[in-house]
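Got the viewer open? Let's take a walk through this one together, one selection after another.

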Amino acid sequence: MRHPRAHVWKAAAGLGAGGATLAGLRTAAGHPVRSAPTLAAAGAGLAAGGIMVYQCLTPRSWLYGPVFWHARTTERVVALTFDDGPCHPYTEQLLEILDHEEVKATFFQIGNNVRREPNLSAEVASQHIVGNHTYDHPHLVWRRPGTVRAQLQRAQEAIHDATGTLPRLFRVPHGGYGPQVIATAEELGFRCVGWSVMAWDWDRPPWEAIERRILHGLAPGGVSLLHDGQDTDAFPKADRSHTVAAVPHIIRSLKASGYGFLTLPDLMDLER
Ligand SMILES: [Zn+2]
């Protein structure tokens, strides 16, 4: 059964369409466009439409169904997550750092990259949690449910072939959850995930900037987003050296502030 919140967006759609229609009808019936009721109807329609569009684009989406992006807790714990891998040599370097620091993390892998690096994918899965990040990283926000389903299932097959595990977490590429994306992912048994802080690390800022942005944005229960790959690109086109350089500093700073590290499923369990 869908989460009850999965149907709230229909009310917003009704308000949006209703407001716009009422404003249009009043104008057609000869009421002045600038009359208070017409403006109020148009304003309500625009506001509802704006919220609907915004909710398609934010990783903290709530209107179209539940997206987990942080845990409501005062406990000093965070979840580190890495997207777009596996990608040689950055994923191995991250595994080494995480192992050395005794930190467990969550990796949202791209099916295409798993096919290219199955052993690396398996190594990640043997130590950390692996999530599904589609097969080839398309924008799904306006795509049909069939496309969403095919992307999730193809990636799931690739990850299962490489690791023997079937991920239960899904993070949409580029952060945009349309209503059909969440509905389809939930039908397939996935829990949708966003994030509370990211560092624009795909632009390859200096590692100090990556560290500063993550530390500035993380709070108890937070979920950080960094990248161990770049879409479906391989080395040397994909360059995540700055991200890898930042991670040990991020971990040590957080530890010094009393933070612990959980995988996403463990962070989710805190809320139950
Ligand atoms: Zn991605």
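Before the first click, a word on metal sites: donors are N, O and S atoms within 2.8 Å of the metal (3.2 Å for Na, K and Ca), and water is not among the atoms, so sites may look incomplete. You're looking at a predicted model, where local features need pLDDT of at least 70 and side-chain atom pairs count only at pLDDT 80 or more, while totals for chains, interfaces and linings use all residues. Residues are numbered from 1 along each chain as its sequence is written, and side-chain values use heavy atoms, with hydrogens and water left out.

**Stop 1: the zinc ion**

Select the zinc ion and show the side chains around it. Which protein donors does the zinc ion have? They are Asp84 (OD), His133 (NE2) and His137 (NE2), at 2.0 to 2.1 Å from the ion. Along the sequence, the donor residues follow the spacing D-x48-H-x3-H.

Now colour by accessibility. Buried means under 20% relative accessible area, exposed means over 50%, and partly exposed is in between (1.4 Å probe, protein chains only). His133 is buried, with a relative accessible area of 1%, and His137 also counts as buried, at 9%.

**Stop 2: zoom out**

Show the whole chain as a cartoon. Helices (H or I, at least four residues) and strands (E, at least two) are DSSP runs, numbered from the N terminus. There are 10 helices and 9 strands in the chain. Its C-alpha atoms fill a box of roughly 70 × 40 × 40 Å along the principal axes.

Of the 272 residues in the chain, 50% are buried. Contact here means heavy atoms within 4.5 Å. Take the contacts between residues at least 6 apart in sequence: 73% of them join residues at least 24 apart.

**Stop 3: a tilted ring pair**

Next up, aromatic rings. Rings of Phe, Tyr and Trp (its six-membered ring) pair if their centres lie within 6.5 Å; planes under 30 degrees apart count as stacked, over 60 as edge-to-face and the rest as tilted. How many aromatic pairs does this rule give? The count is 4.

Pick Tyr90 and Phe235: their ring centres are 6.3 Å apart and their planes sit at 55 degrees, so this pair is tilted. The pair links distant parts of the chain, 145 residues apart, with Tyr90 in helix H3 (residues 90-101) and Phe235 in the loop between strand E8 (223-227) and helix H9 (241-256). Is Tyr90 buried or exposed? Tyr90 is buried at 5% relative accessible area, whereas Phe235 is partly exposed at 47%.

**Stop 4: unusual backbone**

Most residues other than glycine have a negative phi, and most peptide bonds are trans. Stay at Phe235 and look at the bond to Pro236: this one is cis, with omega near 10 degrees. Another cis bond runs from Gly85 to Pro86, with omega near -5 degrees. You'll find Pro86 in the loop between strand E2 (77-85) and H3.

Glu102 has a positive phi, near 55 degrees. Look for Glu102 in the loop between H3 and strand E3 (106-109), where this residue is exposed at 74% relative accessible area. His174 has a positive phi too, about 65 degrees, and belongs to the loop between strand E5 (169-170) and helix H7 (179-187). His174 is partly exposed, at 41%.

**Stop 5: along H7**

Select H7 itself. Its buried residues include Gln180, Val181 and Ile182, and the buried residues of H7 pack against strand E1 (67-68), helix H6 (145-163), E5 and strand E6 (191-193). After H7 comes Gly189, with a positive phi near 90 degrees.

In this part of the sequence, also select Phe170, Tyr177 and Phe190, which form one aromatic cluster. Then add Arg168. A charge sits over a ring if NZ of Lys or CZ of Arg is within 6 Å of the ring centre and within 35 degrees of the ring normal. Arg168 lies over the face of Phe190, 5.6 Å from the ring centre, and elsewhere Arg154 does likewise with Tyr135, at 3.8 Å.

**Last stop: Glu211**

Finish in helix H8 (residues 207-217), home of Glu211. Outside its neighbours within four places in sequence, Glu211 is in contact with Ala246, His249, Ile250 and Ser253.
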